[in-house]
Amino acid sequence: MHSIHQDALRIIKKLDDVGIELVWNRLENQEPQCGYCSLGLSCRNCTMGPCRIDPFGEGPQKGVCGADADVIVARNLARAVASGAASHSDHGRDLVEVLSKAGMVKAYTIKDEDKLKRLAEEYGIDTTKKSIVEIASELADAMLEDFGSKKERIQLINRAPRKRIEIWENLGVIPRGIDREVVEMMHRTHMGVDNEPANILLQCLRTSLGDGFGGSMIATEVSDILFGTPEPKTSTINLATLKENEVNIILHGHNPLVSDAVVEAAMREDLVKLAKKAGAEGINLAGLCCTGNEVLMRKGIPMAGNHLIQELVIGTGVADVVVVDYQCIMPAIVDVAKCYHTAVVTTSPKAKFKDAMHIEFTPENAHEKAVEVVKLAIERFKQRNRDLIKIPDVKPVELMTGFSVEAVVKALGGSLKPLIDAIKSGSIKGVVGSVGCNNPKVTQDKSHTTLARKLIENDVLVVDTGCAAVADAKVGLKMPEAAKLAGNGLREVCESLGIPPILHFGSCVDNSRILVALAALANEIGVDISDLPAAGAAMEWYSEKAIAIGTYFVASGLLVVLGVPPPIFGSKFVIDVLTNKVESLTGGKFVVEPDAERAADIIVKHIEEKRRKLGI
Ligand code: BF8
Ligand code: SF4
């Protein structure tokens, strides 16, 4: 089965009936996929190759240059980590560039001045006698330094507990600059540079930390400053959030810079009037993927779905515009859109799609361009083909969102102490970050939701992000009522606070919120992150960004369960380091376990062991 959700299954059937090709068809067309690549055993890093290593030991065991299986597998993984870290971090940089202009451009102002000042002080900037615009510009400059190569360590790494920093210092994996570590990773994996697989894997840790405590953390913090720090609110989710009688604009991609501007424009009275003149009852917005998470967390904008919903949303026949920025946007959506009236609009000079319409957003023109997008959606609304419309006949599911670390602390009455007490008493056994994607190789959202259910049953508080968060929300796990599915201890805590047992922490860059929360918990208790009864899981991951996230979790001392095998099984050495030896270095490690029930058992056991060691 492709998905556990009725909304998805109905549209898949509809598109299948008319022969529209979807991600699952294309996966089938690719089968059997290359065994060498799946094991990480192929290399095309130079033109003496491409090379491949025979996993059965009968064919070649060395590439033309002499690289063996261990080097090739480690190098391939390293490049994936570098790409994932680069993606999050370049997204962060785009936000910092806007921060430097905030107050000077129409579309973007500072929404959270307190957070701006807190961050500026953390960066050593004197905020007295300075205007908000001056502070923003100085903070942006200081953050841009974190991307470069002049520093010895990035600023926000200092949020980690002292013990953790010492571990990293001893391993030599403190990131010096966000870009620097990515560039060094690319350098090391060029033919004839780093040929010691263990050394390559150490640089994976450093590069990923430059993402977690660098690019991603900056992306989250600056998004909060520019668009507001999320607070709890309710909204709705699934394909039934699309409205037949309204103009529907789908917000897809990652960076809130575009989606937030479009949300603002869609609320303008003159544009709503224009929509009504065109015969619509109003303008409806629905998010996809992480930019959907961003506007859901801050503005309560409903969510159409996660990664594998992106083609299906067009198949409803009522998506008038799909506006995208970058990351996780399948080129296929342009092809599906050709069968409908839908306009796919790209907005970033670094992410153009063949045959899509391009409306380029800059900090200076975002306001006007957002209006252009809304007007385009109204025009397209008029061109809908009534015969092709089918919104799945299901109810939108309600959800609660907006749990920034600040909001959690506020809900707890001003400090983390009540949470620590609940953990110490055993009401809450531990905390797990459930993160990552959808992957057509596994039934959509089945593993995410099975894992989440089983964890809360065992009194484990789940915080989730990205497409995992959307999965849990779609089955109703993000409403306070879901507390009745939790074990007695967790249920009582949730009921007394009026919160769900699964807290939405945001988008994928917001995995940095998990790091911040765990670091704060560890600091408060006076232990290291690796001592905490905590873990991470990425059950349905597909993306290089997810592997970067998993790596910075492991580097931070967490057990991380991957539900989809990474392409490392061609090297016994790399498997042994990542699933075993790394634990003696960082306290964290990877486990590969596709079965969500078993994954939950592994995590619960791990949490119990950590509790025992802490004597609680
Ligand atoms: O950054 S969870 S499929 S949408 S990579 Fe992509 Fe994966 Fe979804 Fe967000 Ni994250
Ligand atoms: Fe082959 Fe070595 Fe070139 Fe890779 S780097 S393609 S293993 S020769």
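Colleague: What makes the His254 approach to ligand 1 a polar contact?
Modeller: In this predicted model, a polar side-chain atom of His254 lies 2.7 Å from an oxygen atom of ligand 1. The cut-off is 3.5 Å for a pair of N or O atoms. So the pair at 2.7 Å counts.

Colleague: How do you know that Lys545 makes one too?
Modeller: By the same test. An N or O atom in the Lys545 side chain is 2.9 Å from an oxygen atom of ligand 1. That is within 3.5 Å, so it qualifies.

Colleague: Which classes make up the shell around ligand 1?
Modeller: Seven residues are nonpolar, four are polar and one is charged. Cys counts as nonpolar here, and the shell includes Cys289, Cys290 and Cys328. The charged one is Lys545.

Colleague: Where does ligand 1 lie relative to the domains?
Modeller: Between domain 3 (239-388) and domain 4 (407-614), because both give residues to its shell. The C-alpha centres of these two domains are 32 Å apart. Their contact takes 16 residues from domain 3 and 20 from domain 4.

Colleague: What is the protein donor of the nickel atom in ligand 1?
Modeller: Cys508, through SG, at 2.2 Å. The limit is 2.8 Å, so SG counts as a donor. Cys508 is the only protein donor. Its place is the loop between strand S13 (502-506) and helix H21 (511-525).

Colleague: Why is the arrangement around the nickel atom called irregular?
Modeller: The four donor atoms subtend angles of 90 to 155°. Tetrahedral needs all angles between 85 and 135 degrees, and 155° breaks that. Square planar needs opposite donors over 155 degrees apart, and 155° is not over it. So the arrangement is irregular.

Colleague: Which domains supply the shell around ligand 2?
Modeller: Domain 1 (34-65) and domain 2 (68-227) each supply at least three residues. Cys43, Cys46 and Cys51 are among the residues around ligand 2, as are Ile72, Arg75 and Met191. By class, the shell has eight nonpolar, three polar and one charged.

Colleague: What makes the peptide bond from Gly49 to Pro50 cis?
Modeller: Its omega is near 5°. Pro50 sits in the loop between strand S1 (42-43) and strand S2 (51-52). The bond from Glu31 to Pro32 is also cis, with omega near 0°.

Colleague: Why is the phi of Asp355 worth a remark?
Modeller: Asp355 is not a glycine, yet has a positive phi of about 75°. Most residues other than glycine have a negative phi. Asp355 is in the loop between strand S8 (343-346) and strand S9 (357-358).

Conventions. Residues numbered from 1 in each chain as written. Chains lettered and ligands numbered in written order. Predicted model: local features only at pLDDT ≥ 70, side-chain atom pairs only at ≥ 80, totals over all residues. Heavy atoms only, no water. Near = heavy atom within 4 Å. Polar contact = N/O pair within 3.5 Å; in protein donor to acceptor, adjacent residues only side chain to side chain. Domains from an automatic or database assignment. Donors = N, O, S within 2.8 Å, 3.2 Å for Na, K, Ca; no water. Tetrahedral: all angles 85-135°; square planar, octahedral: opposite > 155°, others 65-115°. Helix = DSSP H or I, 4+ residues; strand = E, 2+ residues; numbered from the N terminus. Contact = heavy atoms within 4.5 Å.
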